[in-house]
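Work through these exercises with the model open beside you. Try each task before you read its solution.

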Amino acid sequence: LAQDTLDLWMSDEQAVVDGEELTLTALGQRFHLTSAVYFAAELEGGDAQALLGTVKDHEQLAELGAEHVADSVLLGETAYTVAEGFLATPIFEEGVKAPASTGDAVFDQIGRFFLGR
């Protein structure tokens with residue numbers, strides 16, 4: 001989940017963040033947030049690790065031996081441009097029913113995907 005997207009959702013009151021928990025207000029679905037980066041472009045050195053287009057949390061970056069600074073990640077001789085964001089892991093509750101349509105196709109699709117309905 002890109003930081004810019006989350007900021008937009010929050011400014012439109014479509015999402016609320018409390019600590020490491022995101023709630024989509026129209027769906028009532030909650031997610032645990034983990035800071036992560038999206039590997040958007042390789043700047044130099046070749047993409048030997050095949051990271052382009054992937055998302056890694058900070059723990060995974062440390063395991064790789066990567067150095068994350070602002071919008072860049074350095075891994076050995078390779079430099080990448082990354083986008084800040086989060087991994088959003090759904091928090092499931094017993095007996096949760098499929099939400100009614102919110103009138104927003106994107107939120108409805110997210111709800112169906114994560115709730116499997």
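**Exercise 1. Find the partner of the Q29 side chain, and decide whether Q29 is buried or exposed.**

Step 1. Look at the contact. The side chain of Q29 reaches the backbone oxygen of I91 at 3.0 Å. A polar contact is a pair of N or O atoms within 3.5 Å; within protein, one must be able to donate a hydrogen and the other to accept it, and residues adjacent in sequence count only if both atoms are side-chain atoms.

Step 2. Place the residue. Q29 belongs to strand β3. Helices (H or I, at least four residues) and strands (E, at least two) are DSSP runs, numbered from the N terminus.

Step 3. Check the accessibility. Q29 has 7% relative accessibility, so it counts as buried. The cut-offs are under 20% relative accessible area for buried and over 50% for exposed, with partly exposed in between (1.4 Å probe, protein chains only).

A note on the source: this is a predicted model, where local features need pLDDT of at least 70 and side-chain atom pairs count only at pLDDT 80 or more, while totals for chains, interfaces and linings use all residues. Residues are numbered from 1 along each chain as its sequence is written, and side-chain values use heavy atoms, with hydrogens and water left out.

**Exercise 2. Describe the aromatic pair that a search of the whole structure finds.**

Step 1. Count. The search finds one pair.

Step 2. Give its geometry. F39 and Y80 are edge-to-face, at 5.0 Å centre to centre and 90° between the planes. Rings of Phe, Tyr and Trp (its six-membered ring) pair if their centres lie within 6.5 Å; planes under 30 degrees apart count as stacked, over 60 as edge-to-face and the rest as tilted.

Step 3. Locate both rings. F39 lies in strand β3 and Y80 in strand β7 (residues 78-91), so the pair ties together parts that are 41 residues apart in sequence.

Step 4. Check burial. F39 is buried because its relative accessibility is 0%. Y80 is buried too, at 1%.

**Exercise 3. Where is E13, and what is notable about its phi?**

Step 1. Find E13 in the loop between α1 and β1 (15-18).

Step 2. Read phi. For E13 the angle is near 60°, a positive value in a residue other than glycine. Most residues other than glycine have a negative phi.

Step 3. Check exposure. E13 counts as exposed because its relative accessibility is 65%.

**Exercise 4. Repeat the steps for A50.**

Step 1. A50 sits in the loop between β3 and β4 (55-57).

Step 2. Its phi is near 55°, again positive in a residue other than glycine.

Step 3. At 53% relative accessibility, A50 counts as exposed.
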